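Let's take a friendly walk through this structure, one part at a time. Keep the view open beside you and look up each residue as it is named.

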Amino acid sequence: MSNQQPASASSTTETKRRLNPIWQARFDRFRRNRLGVVSLFVFSVIFVICMAANVIANDKPLLVQYQGGYYFPIVKAYPETAFGGVFETETNYKDPAVQALINDDGYYVMPPIPFADQTPNVELGLPYPAAPNSQNWLGTDDLGRDVLARVLYGMRVSLLFGLALTLAGALIGIIVGAIQGYYGGWVDLAGQRFMEVWGGMPQLFMIIILVSLFSPSISMLFAMMLLFGWMGLVGLVRAEFLRARNFDYVRAARNLGVSDSQIMLKHILPNALASSLSQLPFILTANIIALTALDFLGYGLPPGSPSLGELMVQGKNNLDAPWLALSGFFSLTFILSLLIFVGEALRDAFDPRRA
């Protein structure tokens, strides 16, 4: 017994030494790609800014100090009577009378952009859409809403929707590809035939037809896009499992009585994930483009929702207001370019020919 324990510990140590240098080499290759690293950093900053859109762009104060008490309107709704008003309804902090009441016995701190995605600038005194000015840095849309606020909220929706769709589709694709590749035979044959038929359908047109049958809903749109968006990783994962299922360590595990699910999850999947991870930025890019296209065509998010596609529609309908189309175009182009650069860096880092 005393001789077996050190051998087991030694084997574990050798396994870690054999696996860690591989991932360390991949990380080092990614880190040496300066464009990819900078793009990942900039994308992370933009993602955090978009997630904090409620704090950066809002028509409610970040903080109200009134009669010695502190209030946080972006977190909780307060009636006007809390600040000396006469109405029991939620406070309208853009009302000059309310602002005067607060300033008489306290102060308030507004966000850097004092407009939410649905807040019109009624005090501007210019026809809508208004050109960029000191109050609206990127101008207003045809309803007087701040374009910069709409861009921030729209990018948040696009990124969250795209990430959720990418992760859900990747999970389904990995499961389907793993089952096809591991079992092979008629399972793989049936799966491939189904993929050929399902993948041969005009996906955008099918989504438009299906979405038009239901009332506008984010959950319904997500389900319809997921219905066709799970096939991106099936081929890669299937190929990895087909290649690895006959390896010696897989056969040894099978002969020792290890279950198929354990072999797939613990022995083959970690190696198959390497090629899959490098494709996620490209899949995310495709999902964001698809959502923007559907919004542009009027089959995307519910009407009124902040969206880059909806902003481009306004630009098309208001050719004399180029800031609308340019804001949506450059925002979308910039974020997609960052994802492409990150994807290219990941693909080079996980390239098996450089392992």
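Ser 305 counts as buried, because its relative accessibility is 19% and buried means under 20%. This serine lies in the loop between α12 (280-297) and α13 (308-317). Please keep in mind throughout that this is a predicted model. Which residues does Ser 305 touch, leaving aside its neighbours within four places in sequence? The contacts are with Gln 118 and Arg 150. Another residue to look up here is Val 157: its C-alpha atom and that of Ser 305 are separated by 8.9 Å, although the two residues are 148 residues apart along the chain.

A second serine to visit is Ser 327, which is found in helix α14 (residues 322-349). Ser 327 has a relative accessible area of 11%, so this residue is buried. Its contacts, leaving aside neighbours within four places in sequence, are Leu 138, Val 147, Val 151 and Leu 311.

Val 147 and Val 151 also appear in the packing of two helices. On the α5 side, Val 147, Val 151, Met 155 and Leu 159 take part, and they meet Trp 323, Leu 324, Ser 327, Ser 331 and Ile 335 in α14. Sorted by class, this contact has seven nonpolar and two polar residues, with no charged residues. The crossing of α5 and α14 is right-handed.

Another helix pair is α9 (residues 234-244) with α11 (residues 260-277). Here α9 passes α11 in a right-handed crossing. From α9, the contact involves Leu 236, Val 237, Glu 240, Phe 241 and Ala 244, while α11 brings Met 264, Ile 268, Leu 269, Asn 271, Ala 272, Ser 275 and Ser 276. By class, there are eight nonpolar residues, three polar ones and one charged one in the contact of α9 with α11.

The packing values of these two pairs are set out here.

| Helix pair | Packing angle | Distance between axes |
|---|---|---|
| α5 and α14 | about 35° | 11 Å |
| α9 and α11 | about 135° | 9 Å |

How are α9 and α11 oriented to each other? They are oblique, which follows because their angle of about 135° falls outside the ranges for roughly parallel (under 35 degrees), roughly perpendicular (65 to 115) and roughly antiparallel (over 145).

Now turn to the strands. What is the order of the strands in the open sheet? The three strands run β2-β1-β3, with antiparallel pairing. The edge strands, each pairing on one side only, are β2 (69-71) and β3 (106-109). On average, and ignoring direction, neighbouring strands of this sheet are turned by 10° against each other. Helix α4 (residues 96-104) packs on the sheet and touches β1 and β3, and its direction makes about 125° with that of β3.

Strand β1 (residues 63-66) is joined to β2 by three bridges, and these two strands run antiparallel. With β3, strand β1 pairs over four bridges, again in the antiparallel sense. Gln 65 is a good residue to follow: it stands opposite Tyr 70 in β2, and its bridge partner in β3 is Tyr 107. Tyr 66 has Gly 69 as its bridge partner in β2.

Which side chains of β1 point one way, and which the other way? Leu 63 and Gln 65 point one way, Val 64 and Tyr 66 point the other way, and all are buried. This fits a general pattern: in a regular strand the side chains alternate between the two faces of the sheet.

Between β1 and β2 lies a loop that holds Gln 67. The hairpin of β1 and β2 has two residues between the strands, and in this hairpin Gln 67 takes a positive phi near 50°. Is Gln 67 buried or exposed? Its relative accessible area is 54%, so Gln 67 is exposed.

One more backbone feature deserves a look. A cis peptide bond joins Tyr 128 and Pro 129, with omega about -10°. Pro 129 is found in the loop between β3 and α5 (147-183).

Note on methods:
Residues are numbered from 1 along each chain as its sequence is written. This is a predicted model: local features need pLDDT of at least 70, side-chain atom pairs count only at pLDDT 80 or more; totals for chains, interfaces and linings use all residues. Side-chain values use heavy atoms; hydrogens and water are left out. Two strands pair if DSSP finds at least two bridges between them. Axes are lines fitted to C-alpha atoms, for helices over the stretch in contact, and angles run from 0 to 180 degrees between N-to-C directions. Contact means heavy atoms within 4.5 Å. A crossing is left-handed if the near helix is turned anticlockwise from the far one by less than a right angle, and right-handed if clockwise. Ala, Val, Leu, Ile, Met, Phe, Trp, Tyr, Cys and Pro count as nonpolar, Asp, Glu, Lys and Arg as charged, and the others, Gly among them, as polar. Buried means under 20% relative accessible area, exposed over 50%, partly exposed in between (1.4 Å probe, protein chains only).
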